[in-house]
Amino acid sequence: MASTDKPGPGPETEKRQRILSGMRPTGKLHLGNFYGALYNWLQLQEEYQCHYFVADWHAITTEYESPQAIASYIPEMVMDWLSVGLDPDKSTIFVQSAIPEHAELYLIFGMFTPVPWLERNPTYKDQIQELAHKDLATYGFLGYPVLQAADILMYKAHGVPVGVDQVPHVEMTREIARRFNFLYKPIFPEPEALLTEIPKLTGTDGRKMSKSYNNCIYLSDPPEVISQKVRQMVTDTQRPFKKDPGEPDRCLAFPFHRLNLPGKRLEEITASCRAASLGCVECKLLLAEALLENLGPIQEKRRYYEAHPQEVMDILQAGNQKAREEARRTMAEVREAVGFHQEIQLWR
Ligand code: TRP
């Protein structure tokens, strides 16, 4: 293995920048997941070499009492990914726990990651508070960002599309890469977080759309359920009657209008809301229609995968295999850099 002065750019044959992101399997995806993450993933796969994976080990850091549920969520989530258009011909789609190399890299990174870096991590502190009902004073939960660094650096990703809450983890990944490169050999690039403008989407009750609040519109909800949920959405609370002029900026349903209605329609609706000629009930009916139209093809694709579960498994197996080959290559470099004797590791 030739050593280089700078962090290695990765395999020479592929010039496109590498993108990697993961999602914890929490079940079916909702519109918040779609607009907050997946939508961005879809656009990136057109231009970059993308790796998208199911972070099931990360899920177990908080759900260690019920790992069986996590296993059943994996195909549900991947079906949603495929239905919205993640394409296994363009992106490598895989499952973290199928690639044991992640665990090995995580272990090696753990050797030199200072515990105070982990204890200071703001996302860690927030989560411990938010999930106060769970015992998260565990070694695994503290090490969450180290595992994430292993996920990212294994594939020498340049860009990591994530939400703001994950920025500290990408920052720590950079620090871990720097430390590895300095201590052993410069093989890892320092990845950047790719933040998207995430629209502020609230659930049907006006709080953040979240599975734990039971206020989500799921990509796979049947049409009548979607219509009903849209009807429940909180609009401009300062407009008690239709005859009062409304303000779309105060309406919690309006961000969904923005995402689902074409520009011209949006302008018309904005104007008629302000002019008090369009009532909220009617306006939400228009939204439900547009949403159903946009989700139609996605739901049709999902029904196809539901009827062909083996195809989903085949896609994952092929993705796992591709990812594993890359992971093996990185680990050979890592072991060489750290100084293990490859020839006596017969289990390889
Ligand atoms: N921690 C991420 C989240 O909760 C999931 C994740 C795990 C991830 N490994 C990753 C995201 C690597 C990006 C890159 O959203």
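Start with helix α4 and what packs over it: the cover on its buried residues includes α2 (56-62), β3 (91-95), α8 (144-154), α9 (167-183) and α14 (309-338). The model on screen is predicted.

Next, select α4 itself, residues 101-112, and show the side chains of Glu 101, His 102, Glu 104, Leu 105, Ile 108, Phe 109 and Phe 112, which are the buried residues of this helix. Their arc around the axis spans only 165 degrees, so they sit on the same side of α4.

From α4, move to one of the covering elements, α2. Select Thr 62, which lies in that helix. Thr 62 counts as buried because its relative accessibility is 8%, and buried means under 20%. Which residues does Thr 62 touch, not counting those up to four places away in sequence? Show Leu 131, Lys 134, Leu 136 and Phe 141. For a distance across the model, pick the C-alpha atoms of Thr 62 and Ile 344: the two residues are 282 residues apart in sequence, and 36 Å separates them in space.

Another element covering the buried residues of α4 is α9. Select Arg 174 and Glu 190, which form a salt bridge with the closest N and O atoms 3.5 Å apart. Arg 174 belongs to helix α9 and Glu 190 to the loop between α9 and β5 (192-195), so the pair ties together parts that are 16 residues apart in sequence. Is Arg 174 buried or exposed? Arg 174 is buried, at a relative accessible area of 19%. Its partner Glu 190 is partly exposed, at 29% relative accessibility.

Stay on α9 and select Leu 183, which lies in this helix. Add Phe 182 and Tyr 184: with Leu 183 they form a nonpolar patch on the surface, and together they have about 340 Å² of accessible area. Leu 183 has 41% relative accessibility and counts as partly exposed.

Now turn to other salt bridges; the structure holds 20. Select Lys 243 and Asp 244, where the closest N and O atoms of the salt bridge are 3.8 Å apart. Lys 243 counts as exposed, with 64% relative accessibility.

Then go to helix α12, residues 263-274, and select Lys 264 and Glu 268. These two form a salt bridge, with 3.5 Å between the closest N and O atoms. Within α12 they are four residues apart, about one turn of the helix. Lys 264 is exposed, with a relative accessible area of 63%, whereas Glu 268 is partly exposed, with a relative accessible area of 34%. Next, select Glu 76, Asp 80, Arg 302 and Glu 306, which salt bridges with shared partners join into one network.

Finish by coloring the chain by pLDDT. The chain average is 93, and 95% of the residues score at least 70. Where does pLDDT stay under 50? Select residues 1-11. For this stretch the model has 19 contacts beyond four places in sequence. Where pLDDT is low, predicted coordinates should not be read in detail.

Definitions and conventions
Residues are numbered from 1 along each chain as its sequence is written. This is a predicted model: local features need pLDDT of at least 70, side-chain atom pairs count only at pLDDT 80 or more; totals for chains, interfaces and linings use all residues. Side-chain values use heavy atoms; hydrogens and water are left out. pLDDT is the predictor's confidence in each residue, from 0 to 100. Contact means heavy atoms within 4.5 Å. Buried means under 20% relative accessible area, exposed over 50%, partly exposed in between (1.4 Å probe, protein chains only). Helices (H or I, at least four residues) and strands (E, at least two) are DSSP runs, numbered from the N terminus. The arc is that of the directions from the helix axis to the C-beta atoms. Patches are made of residues with over 30% relative accessible area and no salt bridge: like charges are joined within 9 Å, nonpolar side chains (Val, Leu, Ile, Met, Phe, Trp, Tyr) within 5 Å. Accessible areas come from the Shrake-Rupley method with a 1.4 Å probe; for residues, only the protein chains shown count as cover. A salt bridge is a side-chain nitrogen of Lys or Arg within 4 Å of a carboxyl oxygen of Asp or Glu.
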